[in-house]
Amino acid sequence: MVKESVKISRNGKDAMKERDSLTVIDNRTGKQYELPITNGTIRAVDLRQIKTKPEEFGIMSYDPAFMNTASTKSYITYLDGEAGILRYRGYPIEQLAEKATYLEVAYLILNGELPNKTQYEQWIFDITHHTIIHENIKNFMQNFRYDAHPMGMFIATVAALSTFYPEASKISDVGLRTIQIQRLIAKVPTIAAFSYRHSRGLPFIYPDNDLSYPGNFLNMMFRMTETHFEPNPVLEHALDVLFILHADHEQNCSTNAMRAIGSSKVDPYSAMAGAAAALYGPLHGGANEAVLRMLNQIADIKNIPAFIEKVKQGEGRLMGFGHRVYKNYDPRAAIIKKVAEQVFQVTGRNPLLDIALELERIALEDEYFISRKLYPNVDFYSGIIYQAMQLPTSFFPVMFAIPRTVGWLSQWQEMLGDEEQKIARPRQVYLGADKRDFLLMENRK
Ligand code: CMC
């Protein structure tokens, strides 16, 4: 029964008078509360007013894995998982993938608007003039074990950059911040390529600033004895599209890590190393690697039904399928499928594609996947392309980290400028032992 009505006001506004509000009745006390609704959300801290005794902490929302918690407002990426829509700063991903370059998109994501010609030329100049890494960083990379995982090298090297640019810790200085952002976007392809060359025992190739961003990356990866490397234009373009598709994806695991670590006000290199570590995991950016291993394990189309059956029995997952947000075909997967065809015209068809296509066909007709809204995600086809480009499987997560750098940095920058943000610090529900006295060793069982 409603005994009493409690008003929770925000910014001096009487929430009872707001039309957008949520009425909550606490059945323990019978009290009724009006919680304002803004942008389709209630504030979790508003729940704290709800208590049975004044000395109580108040109600918290319990949301493991952030299933229904918006941790920030953002102006960068719009994602409608039900409808399969992805937009950067309002521009549909399909249009950007078709008409823009990765560096144009990177500028857009960072600055909010597409660059005009002068801005674009300046931006390309800025990025291409930060591509070289300090020789000591090169030496640092040379000292990894011969079989070190490229992503491990990438993460450690990004972290090590903070020791070369100590001024990066002045994160409130916008000018210094801009330089670190340019450095990171410029240097990640170099670090990535060096990690690949190291694992192959090949000499490092320095950047060629006359080439495009993806063209230079191909140069640093694949140049052998030739004095000038000419990237294949189809592969160069395919890589640019793949970079665009991976540039940002709002509050995913690694971006959340970037924001959380960055909220302690650490420098962007250290924060980004943490974000890259989050990306490394097989449920996130490591999924493209896992997809390839899965396709190799299936090995033949005739083995697909048995494999699907195992997945349905809970023995492993169909990697590259499913997404926390997309409950529809991932729009990036649809674009990648087209890019794959272009790449295969140059590299020859990857035989794993037939297994992937058949796997997708069967899964999309199967009640298990239909009822759970499991569709191919961005990683389902990207690994097949990377393999056709001669990249080792262990290198795939690095291919994700290169373009995601701009997303992490934009989100980090947005977080720093957001007056509502503070150091990220979730609460917990403590269910452990109650207070008890210390036992001397001889008294323990
Ligand atoms: N294969 C088989 N079953 C699956 C899969 C899958 N790939 N994904 C989810 N399910 C099932 C899951 O077992 C559960 O079934 P039930 O309700 O019977 O227990 C149901 O679908 C819901 O799964 P969930 O684990 O609660 O979903 P989630 O939102 O926590 O997980 C995910 C999202 C991406 C981690 C998950 O779908 C997954 O593990 N996919 C495979 C890994 C993968 O491809 N990751 C790349 C994601 S896209 C790139 C990126 O952004 O990083």
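**View 1. Packing of helix α9 against helix α10 in the predicted model.** Helix α9, which covers residues 253–262, and helix α10, which covers residues 268–280, pack with their axes 8 Å apart and at an angle of about 150°. Since angles over 145 degrees count as roughly antiparallel, α9 and α10 are therefore roughly antiparallel to each other. The crossing in which α9 passes α10 is right-handed. On the α9 side the contact is made by C253, S254, A257, M258, I261 and G262, and these meet P268, A271, M272, G274, A275, A278 and L279 of α10. Sorted by class, the residues of this contact of α9 with α10 comprise ten nonpolar and three polar residues, with no charged residues.

**View 2. T405 of helix α17 and the residues that it touches.** T405 belongs to helix α17, which runs over residues 396–416. With a relative accessibility of 1%, T405 counts as buried, because the cut-off for that class is under 20%. When residues up to four places away in sequence are not counted, T405 touches L184, I185, V188 and M272; M272 is also one of the α10 residues that meet α9.

**View 3. L416 of helix α17 and its contacts with residues elsewhere along the chain.** L416 lies in helix α17, and its C-alpha atom is separated by 8.4 Å from that of I171, although L416 and I171 are 245 residues apart along the chain. Leaving aside neighbours within four places in sequence, the contacts of L416 are with I171, R177, G262 and K265. G262 is also among the α9 residues that meet α10.

**View 4. Helix α3 and the elements that cover its buried residues.** Helix α3 consists of the twelve residues 117–128, which at 1.5 Å a residue should span 16 Å, and its end C-alpha atoms are 16 Å apart, in agreement with that expectation. The buried residues of α3 are W123, D126, I127 and T128. The cover over these buried residues includes α2 (102–111), α6 (174–200) and α7 (213–222).

**View 5. Helix α14, its buried residues and their cover.** The 14 residues of helix α14, numbered 352–365, should span 20 Å at 1.5 Å a residue, and the separation of 20 Å between its end C-alpha atoms agrees with this. Buried in α14 are L352, L353, I355, A356, L359, E360, I362 and A363, and what covers the buried residues includes α11 (287–298), α12 (304–312), α13 (331–347), α15 (367–371) and α16 (379–388).

**View 6. The crossing of helix α12 with helix α14.** The axes of α12 and α14 come within 11 Å and cross at roughly 55°, and α12 and α14 are therefore oblique to each other. α12 passes α14 in a crossing that is right-handed. From α12, the residues I304, F307 and I308 meet I355, E358, L359, I362 and A363 of α14. The residues of this contact of α12 with α14 divide into seven nonpolar and one charged, with no polar residues.

**View 7. Two loop residues with positive phi, N39 and K373.** N39, in the loop between β3 (31–36) and β4 (77–80), has a phi near 50°, which is a positive value in a residue other than glycine. At 67% relative accessibility, N39 counts as exposed. K373 lies in the loop between α15 and α16, and its phi is near 55°, again a positive value in a residue other than glycine. At 36% relative accessibility, K373 counts as partly exposed.

How values were computed. Residues numbered from 1 in each chain as written. Predicted model: local features only at pLDDT ≥ 70, side-chain atom pairs only at ≥ 80, totals over all residues. Heavy atoms only, no water. Axes fitted to C-alpha atoms, helices over the stretch in contact; angles between N-to-C directions. Helix = DSSP H or I, 4+ residues; strand = E, 2+ residues; numbered from the N terminus. Parallel < 35°, antiparallel > 145°, perpendicular 65-115°, else oblique. Left-handed = near helix turned anticlockwise from the far one by under 90°. Contact = heavy atoms within 4.5 Å. Nonpolar A, V, L, I, M, F, W, Y, C, P; charged D, E, K, R; others polar. Expected span 1.5 Å × (residues − 1). Buried < 20%, exposed > 50% of the residue type's maximum accessible area, 1.4 Å probe, protein only.
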